[in-house]
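Trainee: I am new to this structure and would like a close look at a single part of it. Could you choose one helix, go through it carefully, and then connect it to what lies around it?

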Amino acid sequence: MSTLERLAQLHDHDLLLEEARATGTPQRLKALGLSLSGVAAVERARHALAHGAERRWMMAYDRARARYGRGMVAVRERVCAGCYIKMPTSAVPAGDAPVLCESCARVLYWRPTT
Amino acid sequence: MSILVGPELHPSLVIPDLGQRRRESALLDMLRRARDAGRVRDPELARSTLLARERLGPTSPGRGVAFPNARSLLVDEACWVLARSRRGIEWGAPDDGAVHLVLMVLSPSEASIEAHHELLSRAAAALKPARTRTRLIEADGADGLLALAREVLG
């Protein structure tokens, strides 16, 4: 798993845990016949993802998460989905390597769309 | 009165006869459809997110239906993906039954938890009546399934 993929998975695990811990989620899901019995398992998986990530990228992720609530955002149509700044024309998606938004310093999920 | 406008079920996001028997393979087939329709990036990675969601608790309430769902960085546009399996898919449902209708609910990471749950609730409400489930399973081909699914999803 590349660093970019690991951070993307970490981000999605954080979203899942945020959802599981949100007020009203257990009741809402119970009304649909669904349960939340595996929070601890997802927490363990999250821990393993964080533990295996490069330290410098984890620091960048945690710093952005502490500041904005999300450590990573997608780039869509060359626009950072966090701060909505357009990527410079000279910038290109870096494949499997993460990059930081030059404006908001969130970690960017930016891969060429095929 | 508030009116929620949800995503329209796109024809290419309806799979009338999913051949997979395993949940993991079924999820990947559905995500590849969503990728081809420009809704999702990197289906394999998105499947990992959906499997993490399954670890949180199975997304099948039983009765032959499942609602795999997630908010994800890899989703560019909220969407539903509907798949039907005549043979059934092993899903780990509480009633141990096979799943014949899978209605996937995908939201981008920017979506609020409430907005995502609203889509999920609509999906669950649409497939709750036994008669609706029977009609969807018996609907004729992709066009018939799409028309009926659009009707019940509103």
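Mentor: What follows starts from one helix of chain B and works outward to the core, the contact between the chains, and chain A.

Please keep in mind throughout that this is a predicted model. The part to look at closely is helix H1 of chain B, which covers residues 23–36. At 1.5 Å a residue, its 14 residues should span 20 Å, and because the end C-alpha atoms are 20 Å apart, the expected and the computed values agree. Which residues of H1(B) are buried? They are Arg23(B), Ala26(B), Leu27(B), Met30(B), Leu31(B), Arg33(B) and Ala34(B), and because they cover an arc of only 150 degrees around the axis, they lie on the same side of H1(B). On the other side of the helix, Glu24(B) and Asp36(B) are exposed. The cover over the buried residues of H1(B) includes strand S1 (14–15), H2, strand S4 (79–89) and S5, which are elements of chain B. After H1(B) comes Gly38(B), which has a positive phi, near 80 degrees.

One of the buried residues of H1(B), Met30(B), leads on to the core. The largest nonpolar core has 71 residues, and those that touch the most other members are Tyr109(A), Met30(B), Trp80(B), Leu103(B) and Ala123(B). The element that gives the most to this core is strand S5 of chain B (residues 99–108), with seven residues. In soluble globular proteins, nonpolar side chains tend to be buried together. If residues up to four places away in sequence are left out, Ala123(B) touches Phe67(B), Trp80(B), Leu103(B) and Val105(B).

S5(B) also has a strand partner, since four bridges join S3(B) to S5(B), and the two strands run parallel. Within this pairing, Ala70(B) has Leu106(B) in S5(B) as its bridge partner. Strand S3 of chain B (residues 69–72) is covered on both faces, with Asn69(B) and Arg71(B) buried on one side and Ala70(B) and Ser72(B) buried on the other.

From here we can turn to the contact between the chains, where 25 residues of chain B are in contact with 31 residues of chain A. On the side of chain B that touches chain A, the elements that give two or more residues are helix H2 (43–56), S3 and helix H3 (113–126) of chain B, and H2(B) gives the most, with seven residues. The residues on this side of chain B divide into 10 nonpolar, nine polar and six charged.

A second helix of chain B can be checked in the way we checked H1(B). Helix H5 of chain B (residues 141–153) has 13 residues, which at 1.5 Å a residue should span 18 Å, and its end C-alpha atoms are 18 Å apart, which agrees. Just after H5(B) comes Gly154(B), with a positive phi of about 75 degrees.

Chain A, on the other side of the contact, has four helices and four strands, and along the sequence they follow the pattern α-α-α-α-β-β-β-β. Its C-alpha trace spans about 50 × 30 × 25 Å along its principal axes, and 32% of its 114 residues count as buried. The four strands of an open sheet in chain A have the order S2-S1-S4-S3, with mixed pairing. Strand S2 (79–80) and strand S3 (99–100) of chain A stand at the edges, and because each has a single partner strand, one side of each is left without a neighbour in the sheet. Strand S1 of chain A (residues 72–76) and strand S4 of chain A (residues 107–109) run parallel and are joined by three bridges, with Met72(A) standing opposite Val107(A) in S4(A).

Two loop residues of chain A deserve a last look. Most residues other than glycine have a negative phi. Arg78(A), which is not a glycine, nevertheless has a positive phi of about 65 degrees, and its place is in the loop between S1 and S2 of chain A. With 14 other C-beta atoms within 10 Å, Arg78(A) is partly exposed. Ala105(A), which is not a glycine, has a positive phi of about 70 degrees and is found in the loop between S3 and S4 of chain A. With 15 other C-beta atoms within 10 Å, Ala105(A) is partly exposed.

Key. Residues numbered from 1 in each chain as written. Chains lettered and ligands numbered in written order. Expected span 1.5 Å × (residues − 1). Core = buried A, V, L, I, M, F, W, Y, C linked by C-beta atoms within 7 Å. Buried ≥ 20, exposed ≤ 12 C-beta atoms within 10 Å, placed from the backbone. Contact = placed C-beta atoms within 7 Å. Pairing = 2+ DSSP bridges. Nonpolar A, V, L, I, M, F, W, Y, C, P; charged D, E, K, R; others polar. Arc of directions from axis to C-beta.
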